[in-house]
Amino acid sequence: MGQALSYFSGSFSTVEQVPRPSFVKPPAELDIEYVFDFHHENNPHYAVFQHPDNSQTGVQRVYTYAEVVPAIHRAGRIIGESIGKTEPQYSVAPVVAVFAEINNMTYATHLLGLLRAGITAFLISPRFHSAVIAELLRMARPTHVLVSDSLRHIAVQAVSEMYASKVSDDEVIPVVVDLPSHGELYPGHNNFEELPRHHENFAKNSLIVHSSSSTSSCPKIIPWSSNYIRANSIGIEYSDVDFEGKILGGQSAEFFHTAGLYILFGMPRAGFVMAVMSPEDPRAVIPANRDMVFEGYKKSEINIGWASPRFLEAWSKEPDNIEYLSNLDCMIYGGSALSKAAGDKLTSNGVKLCNAYGATEVGAISKFVSEPQTTDWEYFNLNPGIKYELLPREDGLYEAVIVYQKGYHEIPVCEVEWKGKPAYACGDLLIPHPIKRDFYKVIGRNKDMILLSSGQAVNPVDIEDALRVHTEIKDAVVFGQGRPFLGILVSPNPSAPVMEKERDAMSARIWEVIEEYNKTLPEFSRIRKEAYLISEVERPFLYGEKGLSKRSLILDEYRKEVERCYMSIL
């Protein structure tokens with residue numbers, strides 16, 4: 001597939017052999033913002049980002065550390081001036097929110113500039129509604145919200161809602177400020193005024209992220225320390241592939257999410273080059289368009305791909321896409337589960353899938369890239385750089401507990417105690433590979449498992465994933481906790497008929513699919529028709545940030561219908 005090319009600022013043809021400078025690894029003890037400064041001195045001609053040059057076909061525009069690091073310092077200085085903070089030596093770091101829908105290379109430069117300037121960035125997903133943003137701003141208490149043009153009106157609305165519901169005088173109402181443009185950060189020369197080192201107290205609260213809200217109505221805010229960021233960035237070096245000099249397809253990487261941040265912070269440690277979409281293309285914004293991402297893969301001749309499971313599920317339907325992906329060194333995915341049907345189809349056609357498993361609260365739980373396991377693509381090795389315990393259950397499954405490591409991996413969320421030490425229980429259920437030692441896969445969440453009144457446990461996720469393959473089913477939620485049998489609530493595809501007679505026919509067709517699938521299940525885990533429901537158009541399923549259905553909120557919305565299912569058999 002793509003060549004490991006390298007790398008001087010400017011443009012080059014992807015068919016030319018360009019000498020690649022050696023990569024000098026940074027010291028492990030350096031905080032991530034100073035790692036980039038290290039590369040400016042020790043690896044100035046090594047590439048950081050690349051994208052197709054819009055003005056020349058077959059040519060890549062390459063950005064080296066000699067160009068990117070000055071842009072990082074410019075970003076920190078410009079933003080500091082815009083919020084009235086021009087001197088990084090403040091003992092309490094200012095907090096600013098970033099709410100932007102821009103290309104991810106510019107976003108990354110802003111973020112790294114804030115870190116270098118000693119300004120705590122609170123990263124907010126551009127997918128959120130103004131009411132959610134208002135609540136997040138109340139919790140994080142930023143003084144300013146840095147916005148892109150396209151999202152300014154939502155930020156203004158969120159601030160207005162904060163004013164309208166203000167309950168105390170000490171509540172912080174942030175000021176909405178425009179982010180610097182890409183051209184301001186990358187003016188075409190590498191002259192810059194270096195930022196002084198920030199105050200050491202910044203290390204305690206360097207970054208604020210939020211959870212995905214897949215299990216609650218509002219996300220949680222989670223502060224990250226410099227120590228935690230550093231430990232996670234070093235973790236990429238435990239991967240089973242050599243990243244140095246490789247081109248990683250980061251066109252869809254979202255740097256307001258843990259997975260995207262892991263890639264961004266791992267890049268200067270591992271020495272890969274991140275392929276992005278051109279900042280000059282107005283369509284090249286994050287969240288990305290999957291067709292543009294795939295086209296970007298091909299034009300940048302990547303070696304390693306990164307994408308969300310939703311993108312892979314769509315690409316798995318096109319034979320040409322599968323053939324292209326099969327020629328990559330590996331295809332990394334993470335953030336949520338990949339459907340078994342899509343994973344099986346991709347791997348059976350030669351795609352080398354790698355499951356990156358982690359959590360915002362504790363970072364990478366698996367190796368970033370475990371050795372691809374072909375048909376066992378769901379399995380991964382656990383990250384040897386963290387301290388974990390696997391708690392066995394009576395059903396042969398394990399729950400992972402990540403332990404706080406003072407001075408190294410200081411996880412930001414500790415809700416339990418393990419052998420006298422703070423820890424975090426992930427809530428995911430892992431099962432070991434029956435033959436391959438030290439390989440595990442996630443089969444669901446502890447609280448998602450359904451325990452029937454018979455005492456038998458069922459993983460609803462497998463059933464739901466299998467049924468989503470049907471063309472008339474958009475989504476499904478299995479229920480039955482504490483009941484004698486399972487039921488299911490099905491959300492039809494948006495094209496489903498609205499007339500009652502047509503919906504009855506559709507419901508009958510979907511039930512036939514469920515009946516056929518029931519034949520593959522043990523009797524206790526089969527869906528009963530008495531507990532078969534179709535969702536109403538007026539009450540659609542609720543989804544979290546990762547596109548996963550909010551199971552508990554959906555079942556709460558339909559609790560009366562669910563109760564009637566079981567009452568009918570009494």
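These legends describe close-up views of a predicted model of one protein chain.

**Figure 1. The whole chain has 16 helices and 26 strands.**
The radius of gyration is 24 Å, close to the 25 Å that the globule rule gives for 570 residues, so the chain is as compact as a globular protein of that length. Its C-alpha atoms fill a box of roughly 75 × 60 × 55 Å along the principal axes. Buried residues make up 57% of the 570 residues. Take the contacts with a separation of 6 or more: 68% of them join residues 24 or more positions apart.

**Figure 2. The chain is divided into three parts: domain 1, domain 2 and domain 3.**
Domain 1 covers residues 32-307. Domain 2 runs over 386-445, and domain 3 over 450-568. The C-alpha centres of domain 2 and domain 3 lie 30 Å apart.

**Figure 3. The largest nonpolar core has 113 residues.**
Phe 265, Leu 325 and Ile 332 have the most contacts inside this core. Helix H3, residues 104-117, gives the most to the core, with eight residues. Domain 1 and domain 2 both give residues to the core, so it lies between them. Apart from this core lies another, of 21 residues. Among its members are Ile 124, Ile 133, Leu 137 and Ala 140. In soluble globular proteins, nonpolar side chains tend to be buried together.

**Figure 4. A close view of Leu 325 shows its contacts.**
Neighbours within four places in sequence are left aside here. Leu 325 is then in contact with Phe 294, Tyr 297, Leu 312 and Trp 315, and also with Met 331, Leu 346 and Val 351.

**Figure 5. Asn 381 sits in a loop between two strands.**
The strands are S16 (363-364) and S17 (387-392). Is Asn 381 buried or exposed? Its relative accessibility is 10%. Buried means under 20%, so Asn 381 counts as buried. A polar atom of the Asn 381 side chain lies 2.9 Å from the backbone oxygen of Asp 438. Leaving aside neighbours within four places in sequence, Asn 381 is in contact with Asp 240, Ser 366, Lys 367, Ser 370, Asp 438 and Phe 439.

**Figure 6. Two stretches have pLDDT under 50: residues 1-8 and residues 13-18.**
The chain averages a pLDDT of 89, and 94% of the residues score at least 70. For residues 1-8, the model has 47 contacts beyond four places in sequence. For residues 13-18, the model has 15 such contacts. Where pLDDT is low, the predicted coordinates should not be read in detail.

Conventions: Residues are numbered from 1 along each chain as its sequence is written. This is a predicted model: local features need pLDDT of at least 70, side-chain atom pairs count only at pLDDT 80 or more; totals for chains, interfaces and linings use all residues. Side-chain values use heavy atoms; hydrogens and water are left out. Domain bounds come from an automatic or database domain assignment. pLDDT is the predictor's confidence in each residue, from 0 to 100. Contact means heavy atoms within 4.5 Å. A nonpolar core is a set of buried Ala, Val, Leu, Ile, Met, Phe, Trp, Tyr and Cys residues joined through side-chain atoms within 4.5 Å. Buried means under 20% relative accessible area, exposed over 50%, partly exposed in between (1.4 Å probe, protein chains only). Helices (H or I, at least four residues) and strands (E, at least two) are DSSP runs, numbered from the N terminus. A polar contact is a pair of N or O atoms within 3.5 Å; within protein, one must be able to donate a hydrogen and the other to accept it, and residues adjacent in sequence count only if both atoms are side-chain atoms. The radius of gyration is taken over C-alpha atoms; the globule rule is 2.2 Å times the number of residues to the power 0.38.
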